[in-house]
Amino acid sequence: MTPAPAAISPVRIAELRREFPVSERYAYLNHAAIAPLPQRAVKRMAAVARETSRTGDQRWDERNEIVEQVRGLAARLVGARHTHEIAFVPNTSTGLSIVAQGLEWRAGDNVVGAMCEFPSNVYPWMALGAREVEYRQVPERDGRIDLDELLSRVDGRTRVLALSWVQYASGYRLDLEQLGRWCREQGVLFVVDAIQGLGALRLAVERDFVDVVAAGAHKWLLGPEGIGLLYVSDRVVNRIRPPLLGWRSMRRKFEWTTFDLTPAEGAPRHEPGTLNAYGIAALGESLHLLLELGAEAVERRVLTLAEQVASGLAERGFELSSPQWEGERSGIVAACHPEIAADELAERLLRAKVVVAQRAGRLRVSPHVYNDEEDLGRLFAALP
């Protein structure tokens with residue numbers, strides 16, 4: 001039996017809280033929306049920007065080296081076999097749109113997904129209707145997606161199963177390995193929106209048979225807005241034609257007087273132009289932090305805090321919308337009060353300096369690794 005990961009010590013939690021000055025002002029429990037940047041990421045971004053201010057293009061090569069270093073960190077975090085399976089994109093929506101627009105569709109093909117998805121994982125597939133591709137969605141039932149119902153919508157013309165790893169409004173967590181294995185056996189492309197899990201939960205794309213992952217950095221990855229990751233497995237990279245082309249997306253990207261349409265190796269063919277080096281540098285520091293702590297330890301901490309939130313809400317009469325079965329829990333806890341609307345509760349908590357959100361009529365609480373029992377105590381003290 002594999003031993004459980006060591007818990008993150010109280011001393012380390014105290015150190016982490018110094019990385020997040022937001023904790024001095026708020027009990028910040030809204031990482032499923034926008035996460036505060038750790039101090040190290042802020043300093044790194046400022047240092048790169050300051051150097052550019054002083055030297056212009058004289059350190060451009062160094063900035064490109066930073067990009068490649070962070071690409072390697074991202075590959076480690078998702079469990080990719082190769083660094084070149086990672087591309088940088090502005091956000092989740094862009095990553096999913098690249099896939100939707102890059103596949104070769106035939107009239108009568110279909111995509112299967114869920115009705116409870118965030119719009120980023122709906123509109124790219126809906127838009128394929130103009131190409132006579134059907135988008136099939138199954139409903140959420142009691143905060144979950146019924147997998148039998150989901151897979152019953154797959155047929156011989158299904159090209160893609162497109163789902164969120166964790167649902168943004170309920171916190172329901174998919175069994176990626178089960179679905180990924182099934183998709184691999186059926187020859188269906190498994191595309192995962194991982195923004196609500198990556199950084200809080202362990203991901204291993206090879207183990208889980210995931211073909212494509214898209215995830216913005218500004219939630220559980222603790223990175224800045226406007227930068228995200230796109231993982232494309234070598235198995236499927238040639239099936240996704242780059243819908244956006246530019247100098248960086250080509251194999252001979254630094255030979256600017258030679259025009260050759262041979263794409264870059266792997267996922268970077270989906271990076272058409274100049275990248276956000278400042279955002280990538282900041283993301284690199286956040287990835288370093290998560291990797292230092294260890295994915296297993298971070299997941300254990302996040303799930304422990306989420307379980308405490310769920311128990312505390314249930315004790316106060318809330319009806320939980322988030323599944324509590326082992327393997328289906330995430331860092332998101334969604335619940336409804338029997339008498340008070342979620343938006344009113346969120347405003348009431350904010351007045352008490354407790355930051356949460358409301359989504360789909362539910363109060364949504366999403367703690368991260370640096371939150372502590374004092375934060376949860378402030379949450380419970382401000383609730384009815």
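**Close-up views of cavities and strand pairs**

Let's start with the enclosed spaces: in this predicted model, three cavities of 30 Å³ or more turn up when the whole structure is searched.

**View 1. The largest cavity and its lining.** This cavity holds about 70 Å³ of space. Its walls include a run of neighbours in the numbering, Leu198, Gly199, Ala200, Leu201, Arg202 and Leu203. Leu77, Leu290, Ala295 and Val298 complete the lining. Sorted by class, the lining has eight nonpolar residues, one polar and one charged; Gly199 is the polar one and Arg202 the charged one.

**View 2. The second largest cavity and its mixed lining.** Here the volume is about 40 Å³. Look for Ala306 and Glu307, then Ser322, Pro323 and Gln324, and finally Arg329, Ser330, Ile332 and Val333 around the space. Four of these lining residues are nonpolar, three are polar and two are charged.

**View 3. Strand 9 meets strand 10.** Strand 9 spans residues 319–320 and strand 10 spans residues 333–336. The two run antiparallel and are joined over two bridges. To find your way, pick out Glu319, whose bridge partner in strand 10 is Cys336. Val333, at the start of strand 10, also belongs to the lining of the second largest cavity shown in View 2.

**View 4. Strand 10 meets strand 13.** Strand 10 also pairs with strand 13, which covers residues 362–365. This pairing is again antiparallel, with three bridges. A handy landmark is Ala335, which sits opposite Leu363 of strand 13.

How values were computed
Residues are numbered from 1 along each chain as its sequence is written. This is a predicted model: local features need pLDDT of at least 70, side-chain atom pairs count only at pLDDT 80 or more; totals for chains, interfaces and linings use all residues. Side-chain values use heavy atoms; hydrogens and water are left out. On a 1 Å grid over the protein atoms alone, a cavity is a set of points where a 1.4 Å probe fits but cannot get out, and a pocket is an open set with protein on both sides within 12 Å along at least five of seven lines; lining residues have an atom within 4 Å of a point. Grid points are joined across faces, edges and corners, and a volume is the space filled by probe spheres set on the points. Two strands pair if DSSP finds at least two bridges between them. Helices (H or I, at least four residues) and strands (E, at least two) are DSSP runs, numbered from the N terminus.
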